[in-house]
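Subject: Structure for you to look at

Dear colleague,

I am passing on the structure we spoke of, and I would be glad if you kept it open while you read the notes beneath it.

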Amino acid sequence: IVGTALNYFIKPAGSPMLLFGGAFVILLAIIVTALAHAAHSRAKVATQATPAPASPSVRGVNRPAPRRGGNSAGKGLALSIFAGILMGLFYPLVELSKRGDLGLGPYAAAFCFAVGIVLSTPIFNLFFMNLPVEGEAVSIREYFQGTPKQHLLGLLGGIIWCTGAICNFVAAS
């Protein structure tokens, strides 16, 4: 949404009705997704709140530590908005990269963008693994113990996202 608005004000092109209508639909999708996630979280908490049968107390048994931090919905929302604004700010940079005689084409811009993602992902992964928004910190070992299906789903998500970015860059050119 941020990128669409910035791009339109920097270089007005296309139908404002379609552009901002599409941005509005995206905003609605974000709101509906947030409401669905909240409903799912409430249902999950409700099922976990059912007391389990009392077990006899055994001395020396390690019990899991209670979870710290409570509800991090506010922190997650703030992080999402901040990240969305930062992501939206890359659109003007893509437009600047296409200017001039030696400007990048859409595929070259997508390649440079992908290289930036590959180089920055380990840094962000380490940061959020050590300082997660919710839950406990995760070690590198735990990351590599993920199932092949989990890693393939992450790769598929990246491929889908990159395909969308390439389509966006080509359409904007």
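What follows covers the pockets, the nonpolar core and the aromatic pairs, and please keep in mind throughout that this is a predicted model.

The largest pocket has a volume of about 2000 Å³, and among the 48 residues that line it, I30, L77, S80, I81 and G84 lie nearest its centre. Two or more lining residues come from each of α1, α2, α3 (73-88), α4 and α7, with α2 giving the largest share, 13 residues. By class, the lining of this pocket holds 26 nonpolar, 17 polar and 5 charged residues.

The second largest pocket contains about 1200 Å³ of space and has a lining of 25 residues, of which I117, S120, T121, F124 and W161 are nearest the centre. Here α3, α5 and α7 are the elements that give two or more residues, and the lining divides into 18 nonpolar, 7 polar and no charged residues.

As for the largest nonpolar core, it consists of F90, V94, A109, A110, A165 and F169, and the elements that supply two or more of its residues are α4 (90-97), α5 (106-130) and α7 (148-172).

A search of the whole structure finds 10 aromatic pairs. In one of them, Y8 and F20 meet edge-to-face, at 5.4 Å centre to centre and with 85° between the planes; this pair links helix α1 (residues 2-10) to helix α2 (residues 16-48), the two residues being 12 apart in the chain. Y8 counts as buried because its relative accessibility is 18%, under the 20% limit, whereas F20, at 30%, is partly exposed. Elsewhere, ring pairs join F90, Y91, F113, W161 and F169 into a cluster.

With best wishes

Note on methods. Residues numbered from 1 in each chain as written. Predicted model: local features only at pLDDT ≥ 70, side-chain atom pairs only at ≥ 80, totals over all residues. Heavy atoms only, no water. Core = buried A, V, L, I, M, F, W, Y, C linked by side-chain atoms within 4.5 Å. Buried < 20%, exposed > 50% of the residue type's maximum accessible area, 1.4 Å probe, protein only. Helix = DSSP H or I, 4+ residues; strand = E, 2+ residues; numbered from the N terminus. Phe/Tyr/Trp six-rings, centres within 6.5 Å; stacked < 30°, edge-to-face > 60°. 1 Å grid on protein atoms, 1.4 Å probe; cavity = no way out; pocket = protein on both sides within 12 Å on 5 of 7 lines; lining within 4 Å. Points joined across faces, edges and corners; volume = space filled by probe spheres on them. Nonpolar A, V, L, I, M, F, W, Y, C, P; charged D, E, K, R; others polar.
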